[in-house]
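Reader: Before accepting the labels attached to this model, I should like to see each one set against its cut-off. Could you take me through them?

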Amino acid sequence: MAYESIRGLLARESAGGRATVQGWLRTVRHAKELSFLEVSDGSCLSGIQVVANPETRGFEDVVRHLTTGSAIAVEGALVDSPGKSQEKGQRFEVHAAEVELVGAAGSDYPLQKKRHSFEFLRTIAHLRPRTNTLGAVLRIRNAASMAIHEFFQHEGFFYLHSPIVTASDAEGAGEMFRVTTLPLDALPKTEDGRIDEAADFFGRPAFLTVSGQLEAEIGALALSRVYTFGPTFRAENSNTARHLAEFWMVEPEVAFCDLDGLAELAERFLKFVFAKVLDRCPEDMAFFAERIEPKAIERMRTVIEQPFLRLPYREAIAILERSGETFEFPVGFGRDLQSEHERWLTEKHVGRPVVVTDWPASIKAFYMYRNDDRETVAAMDVLVGGVGELIGGSQREHRLDRLEATIRGQGLDPAAYWWYLDLRRYGSVPHAGFGLGFERLVQFITGMANIRDVIPFPRTPGQAEF
RNA sequence: UCCCCGGUAGCUCAGCUGGUAGAGCAGGCGGCUGUUAACCGCCUUGUCGCAGGUUCGAGUCCUGCCCGGGGAGCCA
């Protein structure tokens, strides 16, 4: 028997005709001669109401004993709901000719037909996709992912698969996870008693990637425009609502591009992705606006409709110093902007997204392009209301002598960056790129407060179940 | 890693200044109604996070540990 998705059923022009549904029971209501089954299959937020009566095959032996969480298959007719139900927004329902139990769920099924705390749901990550909120999050993740690919494909970018395992601790972006096949209880030692790393799988220390950027630069200096979109790992012991040990990152890299071009790209990118998500997930977005974050839709519209403000770091600091606000953390040239500063700037002072450019070299990474003032680098942070920094990027230092000097100046060994420096030796061109934490993007879209609730299987310190 | 808060039934939570554990939901039985977090009646459910300590007596007070959450730092 061919089954139709509930999304498909609800999208029909009109009632009438055969309807087949398979899914999981959200709740059951029994009356004397009738049973009402709320069935959901995850194809959309809405479930569909199935009505069974004594004529329904399986009424006595199946329907009357159904419990929340059970999987069932229904065959029947799609009909218009009665007038009163229509007022509640329920257009169609299925009058069941037959209800079949596919997989029962016992009375210990943890998901009740009521609110659960997100904290509890995290402990049952194998069942939480069946909830309204997580289901909506997963559909939004899907739509946003596809929109990201669409955007870059339309703009002539190539999807580059950067490696997960890397031997370079190049970027200093954070603590790394070691990847090894060495036996931890009997490490091979060299003659002087140190761990024999040459005996390891790759013949040298290896780690999970903290960024695909350096490899993306290789791609950009061959294909001109590339992007990566893959998992990224940070072994930081940070336990906050904004950090994961494993998350997904989007990193476009563009050859023959400066910071201005990059800021324009970032702006087009965010506007495109948000517009697609709003267009394709209206039901899920209405849910988030109603139940999670009232401003979820409004603030995406702000990003889509308002031009971003370009603001050099130096001016941002001056504005903050003159603001008269009392901040918890000090403001001053050479200090990073704190979340409270970012949010005040974009939410209170400007009221639309802000791109802060040209940051002090002292607080930014070695690979960023040194501006003519010698004091700042061509870096940018895109700040949006609600979450602060959504995108961080920079024009890269493409001048060999400058890059080598900075690497040495930071006490790093140029030999370790030989291939990265080679890119500056052979046909170097100005290029730029940015990084976007995908889960933070989904947090902004949905308004979900905790990053662990916007990824199906969160990894955090001490947590890797499921 | 630091600061703060918390851990009581399958879930959400109550339990005041110590006196021996409760409500709603879920589940079972019955009733009722085209029901919508349905409703009404009855019934079942607990190593009160773990280990010590104080006390005649600890869910309640003290200490340590484990786990979770919020905030901070690091960052995406």
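Author: Let us begin with burial: a residue is called buried under 20% relative accessible area, exposed over 50%, and partly exposed in between, with a 1.4 Å probe and protein chains only. The model is a predicted one, in which local features need pLDDT of at least 70 and side-chain atom pairs count only at pLDDT 80 or more, while totals for chains, interfaces and linings use all residues. Residues are numbered from 1 along each chain as its sequence is written, and side-chain values use heavy atoms, with hydrogens and water left out.

Reader: What makes the contact between aspartate 284 and arginine 139 a salt bridge?

Author: A salt bridge requires a side-chain nitrogen of Lys or Arg within 4 Å of a carboxyl oxygen of Asp or Glu. The closest N and O atoms of aspartate 284 and arginine 139 are 3.0 Å apart, so the pair qualifies. Both aspartate 284 and arginine 139 are buried. Since aspartate 284 lies in helix α7 and arginine 139 in helix α4, the pair ties together parts that are 145 residues apart in sequence. Helices here are DSSP runs (H or I, at least four residues), and strands are runs of E with at least two, both numbered from the N terminus.

Reader: What do the buried residues of α7 pack against?

Author: Asp284, Met285, Phe287, Phe288 and Ala289 are the buried residues of α7, which covers residues 282-291. They pack against α4, α6, α8 and α13, where contact means heavy atoms within 4.5 Å.

Reader: Why is arginine 268 called partly exposed?

Author: Its relative accessible area is 36%, a value between the two limits, and therefore arginine 268 is partly exposed. The side chain of arginine 268 meets that of glutamate 155 in a salt bridge at 2.8 Å, N to O. Arginine 268 lies in helix α6 and glutamate 155 in the loop between α4 and β6, so this pair ties together parts 113 residues apart in sequence.

Reader: How do you know that β8 and β9 are paired, and which way do they run?

Author: Two strands pair if DSSP finds at least two bridges between them; two bridges join β8 to β9, and therefore the condition is met, with the strands running antiparallel. In β9, phenylalanine 207 is the bridge partner of arginine 178. The open sheet has three strands in the order β7-β9-β8. Because β7 and β8 stand at the edges, each with a single partner strand, one side of each is left without a neighbour in the sheet.

Notes
Chains are lettered from A and ligands numbered from 1 in the order in which they are written.
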